[in-house]
Amino acid sequence: MDDQDRIIQGMACDGDFRVIAAQTTVAVETAREILDLSPVAADALGRAMTGSLLLARLLDKDVRNQYVSLRFEGNGPLGTVIADAGVSGGVRGFVANPVPQDPALNVEAAIGNGMLSVVRGTPPAGKPYTSKILLGGKGISTDLTRYLMRSEQIASAVLLGVLNRRDGVAAAGGIVIQAFPHATEEAISAIEQRIKEAPPLSTLVEKLPIEDVVATVLHGVHYKQIDAGYTVPVKYTCSCSRERALAPIALFGESDIREMIEEGGTEVICQFCGRKYAFTPHDLLALTAKHDA
Ligand SMILES: [Zn+2]
């Protein structure tokens, strides 16, 4: 298996369509290991992570540090599902209840009905921009397609897939195909036909490198990958730090902090990467001093 996760870009139908595709198998398997995901949770989060990477690239306007955060708040057994990705290929995720009682659920049922928030920002400049749409119950690909149409006025097709095998995630990836306004009716229907006939994406990703996966899905229409210099490596990475871990504790009331001090300190575990941050009574005393000030 080809084990270098990456994002590639290309053009289809003489520039009528932009194509961005991601192979995310290793990143999703890493998430499964760190977060102890059940197969359905790995499927849901893997799709969300891949979608956030594709959107970060798609919505990039030559800003090198744009990020996209997808937050699914459904009433299904997984609870909140979060995926964060940056334009440079870093991605991380979180699932509130990674092991639902019914292991046979599909992703739609496991997420349920509710809201999808899409946050995008370009730190350190400006405020992040948030859009919310109702989850349509037809899967993450469909929700992201609707988001792109409604909030970004981008006509697109989004394909996402994750393949679980007995020993973990065997394949994960996605493709977003953006139709430019000058795309002809004929080209649009040709692309739609290819998408409709495409085999499940995850089974293609298991067998082929992502370049060949895209070529297989778009067989018969003119497709050309953009210079491989635009290829971005993908990696599961977390931006947590000691300072950020301490910030929520500072919001506790004084009596709660005193209790932690009497217990000999406290520990914060990052919900995205599992890193542990230990705070001594001395660290916590500094917080109460701030309260007093
Ligand atoms: Zn972390």
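**Group meeting talk: one chain, from a helix outwards**

Hi everyone, let's start with a single residue: alanine 31 sits in helix 1, which spans residues 25-35. Before going on, please keep in mind that this is a predicted model.

So, is alanine 31 buried or exposed? The relative accessible area of alanine 31 is 0%, and because buried means under 20%, alanine 31 counts as buried. Who are the neighbours? Leaving out residues up to four places away in sequence, alanine 31 touches Asp36, Leu37, Leu45, Met49 and Tyr236. If you like a distance to check on your screen, take arginine 166: that residue is 135 residues from alanine 31 along the chain, and the two C-alpha atoms are separated by 16 Å.

One of those contacts deserves its own moment, namely Asp36. Aspartate 36 belongs to the loop between helix 1 and helix 2, the latter covering 39-58. At 59% relative accessibility, aspartate 36 is exposed, because the cut-off for exposed is over 50%. Its backbone is worth a look too: aspartate 36 has a positive phi of about 55 degrees, although it is not a glycine. As background, most residues other than glycine have a negative phi.

Where else do we find a positive phi of about 55 degrees in a residue that is not a glycine? At glutamine 153. Glutamine 153 lies in a loop as well, between helix 4 and strand 8, with strand 8 running over 155-165. With a relative accessible area of 61%, glutamine 153 is exposed.

Helix 4 itself covers residues 140-152, and serine 141 is found there. Serine 141 is buried, because its relative accessible area of 14% falls under the 20% cut-off. Not counting residues up to four places away in sequence, serine 141 touches Val158, Leu159 and Leu160. Those three numbers fall within strand 8 (155-165).

Now for the sheet. In what order do the six strands of the open sheet run? The order is 7-6-3-4-5-12, and the pairing is mixed. Strand 7 (125-134) and strand 12 (235-236) stand at the edges; each has a single partner strand, so one side of each is left without a neighbour in the sheet. Within that sheet, strand 3 (residues 67-74) and strand 6 (residues 114-122) pair in the antiparallel sense over eight bridges. To find this pairing on your screen, look for leucine 70, which stands opposite valine 118 in strand 6.

And there is a link back to our opening: Tyr236, which alanine 31 touches, is numbered within edge strand 12 (235-236).

Let's zoom out. The chain holds ten helices and 14 strands. Why does its radius of gyration agree with a compact globule? With 293 residues, such a globule would have a value near 19 Å, and the chain has 21 Å, which agrees. Along the principal axes, the C-alpha atoms fill a box of roughly 70 × 45 × 35 Å.

Buried residues make up 50% of the 293 residues. Among contacts between residues at least 6 apart in sequence, 65% join residues at least 24 apart.

Last, the surface and the charges. The chain exposes about 14,400 Å², with carbon and sulfur atoms supplying 53% of that area. There are 28 positive and 35 negative charges, and their mean positions are 3 Å apart.

Thanks for listening, everyone!

Notes: Residues are numbered from 1 along each chain as its sequence is written. This is a predicted model: local features need pLDDT of at least 70, side-chain atom pairs count only at pLDDT 80 or more; totals for chains, interfaces and linings use all residues. Side-chain values use heavy atoms; hydrogens and water are left out. Helices (H or I, at least four residues) and strands (E, at least two) are DSSP runs, numbered from the N terminus. The radius of gyration is taken over C-alpha atoms; the globule rule is 2.2 Å times the number of residues to the power 0.38. Buried means under 20% relative accessible area, exposed over 50%, partly exposed in between (1.4 Å probe, protein chains only). Contact means heavy atoms within 4.5 Å. Accessible areas come from the Shrake-Rupley method with a 1.4 Å probe; for residues, only the protein chains shown count as cover. Lys and Arg count as positive and Asp and Glu as negative; His and the chain ends are not counted. The place of a charge is taken as NZ of Lys, CZ of Arg, CG of Asp or CD of Glu. Two strands pair if DSSP finds at least two bridges between them.
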